[in-house]
Structure formats: C-alpha cells, structure tokens
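Me: I should like a close look at a single part of this protein, namely its aromatic pairs and the rings that lie beneath charged groups. Please give one connected account.

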Amino acid sequence: MPHRPFMLGIAGDSGVGKTTISSGIARLLGQERTTNICVDDYHKYDRKQRAELKITPLNPDCNYMDIMEQHVRLLSLGEPILKPVYNHSTGTFDPPVYIPAPRPIAEGNRQIPRAVVLEGLLTLFSQPMRERYHLKVYLDPEEELRREWKVKRDVAKRGYTPEQVVADIERRMPDSKAFIWPQKEYADIVVRFYRPEGYDPEKPSTLSVRITLKRSLPRLDLTEVLHSAYEDEPSVIRLEARKEADILDISGGMEPERAAVFERLIWEQLGQHAEHFNPELIGTFWDKGGQSYPLALTQLVIAYYLVHMREQAIQKGALAYA
C-alpha cells in the first residue's frame, strides 16, 4: 500500500543552522528520498519593502502564513505545490518553482514514505502546520554563538558588513522573543550547541551539543544503549533522564574513535532501515569547510527518530493513503 510522506519540521531563529541540519539529514536519508522546503520563501515583502514598512521577516504578518499552511497540508497529503522563492542574496523574489508530489519510494516489495523536511523561522509557529508534522525540531544554540554564526554567514553570502548584521540582530530582537523563541515549547527535540569550558573560537568543530528528547517522543532503545555504553566515561557523552525529557550531552572534545562507536550504536539500532543511508557528508558546516562530530551525531540522532517513527507509523497504517 502506498504511503503519505513523513513530515519533519525544523524551526529556529536566523543563523542557528537550520539549513545545515536539514541538508545533513537529507544526505543521510538520500536526496532522492527527501523533499526539502524552506518556509522563509513565503515572505510577503522584499528587503526594500520591509525597510520601508519597518517590519521584519520574523513577524508572521510579513509572511503569507495562509499559503504556507495550505502548502504544508498539501505536501502532507502527498500533493504537489508551486512554491514561491525568496532570494536571500538579492533580497527580492525569483520565479516560483514546482515541487512534485512527494510520493513514496519503492524498496523491494515495500513502499517507503518520502521524508518532507521543512525548515525556517516560522515552521512551528502555526497550529495548523504543527498538526501536520510527525516530528518537530527546534534549534536553540547559545545566543552569542548564533550571533557569531549569523555575522559570518551574512557577511560571506549576503553582502552585509559585520556592523550591519549586528544592527539587524538588535532590530529584530523583539520579534525573535515574541515569535521565534516561543516555538521551542512545541518541539519534540531541542538542539543546543554551546561552548564548553576552554573552548577555542578558532576550532568551531569542538563545540558541544545538548539534545533534549521530550517525552512526546516514543521511548526508543537509543537512550538505554547510550547509557550502558558510556556510563564509564561521562565526560564524553552524558545521559540524564528527567521528568519531562531525556537530556543527551555530547562533548565537542570527542575523539574520532568514540564518535565512530556512537555512530555504530545508532546504526545497529536502525538495522535494515539504514542500508541506503549515506553518512559521508554529515557533520559538515560552512559549505563543507569544517567537520564536527557533535553536529554529525545530532543529524544522525534526528534521522534515527525519523526512521523509527516512520516505521512505526507504517506498521500502524497511519501513513497509508485512504
């Protein structure tokens, strides 16, 4: 029986690494098995108009939320859309692009649902959209890190000066607090990169990451496996079970050998569902200019939950077309 797509929503403020995370997941699952959508394409106004109106793209009133909701619904039903395109380099709009129906992939005698990955500022803002996602992720790095990343990206890719980027961050801050940051409470997984003690800014690959796995997720075997495997070395990976969530801490100082063990553990949990995975390019950032084990393992953990939850939904018939 053919299946509807599995919907993954990734939200977070500007510069937190949404595209980095989502592209890594797509590489893992296989580009041909994934449809990636940026909901920031649904802006109402171009850069010049926003300046004249004194409105930021973080404000829902600056976006066609109704069209965004309609397109998320259509994608969740396995239907095609004609998606708008906002050009971040020019601050204007390009012609819309046709997104084909996210139909399932044939693997042997099975039909495997395609993964539709939606990322952007307001991905989790609207309840009609949240109801369509099977898995929701929020990226919440330390604020100083976010600012550092945004400055680096906007100067390199969007033609701004560092002073302009910093001024823009401050101008947007009220809308960040009002519209973006509250989306965190709706996420099943919250990812927070942070600077460990003794962190060297010249070595961004050594950032640590804290992954909050909320109780809204299925209780999978991953946390128990990690706990039993690493309780003898808590400085590398720490797992803390709390009332409302499991907290997984991954050290940026992890040695390659330890990272390989962690990857193998997750791979074994995925079993036959990981046969087509392509792990070669995960963990890359800044246009493949850097490699981070915590980033790679974060992408792998999210993909792990996606695959397991998708398989559970298939078995229950929850993704089947009527």
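Reply: In this predicted model, the count of aromatic pairs comes to 4. One of them joins Phe-125 and Phe-179 in an edge-to-face arrangement, with 6.2 Å from centre to centre and 70° between the planes. Phe-125 belongs to the loop between β7 and α4, whereas Phe-179 belongs to helix α6 (residues 162-180), so the pair ties together parts that are 54 residues apart in sequence. Phe-125 is partly exposed, at a relative accessible area of 31%.

Trp-149 and Phe-193 make up another aromatic pair, also edge-to-face, whose centres are 6.3 Å apart and whose planes are at 70°. Here Trp-149 comes from helix α5 (residues 143-157) and Phe-193 from strand β9 (residues 189-194); the pair therefore ties together parts that are 44 residues apart in sequence. Buried means under 20% relative accessible area. Trp-149, with a value of 14%, is therefore buried, and Phe-193, with 9%, is buried as well.

Rings also occur beneath charged groups. The charged end of Arg-130 sits over the ring of Tyr-186, at 3.6 Å from the ring's centre. Arg-210 lies over the face of Tyr-194, 4.6 Å from the ring centre.

A further aromatic residue, Tyr-305, is found in the largest nonpolar core, which has 46 residues; Tyr-305 is among the members that touch the most others, together with Leu-8, Leu-135, Ile-189 and Ile-302. Helix α9 (residues 293-316) supplies the largest share of this core, 13 residues. A second, separate core of 24 residues includes Tyr-42, along with Met-7, Met-68 and Ile-99.

Note on methods: Residues numbered from 1 in each chain as written. Predicted model: local features only at pLDDT ≥ 70, side-chain atom pairs only at ≥ 80, totals over all residues. Heavy atoms only, no water. Core = buried A, V, L, I, M, F, W, Y, C linked by side-chain atoms within 4.5 Å. Buried < 20%, exposed > 50% of the residue type's maximum accessible area, 1.4 Å probe, protein only. Helix = DSSP H or I, 4+ residues; strand = E, 2+ residues; numbered from the N terminus. Phe/Tyr/Trp six-rings, centres within 6.5 Å; stacked < 30°, edge-to-face > 60°. Lys NZ or Arg CZ within 6 Å of the ring centre and 35° of its normal.
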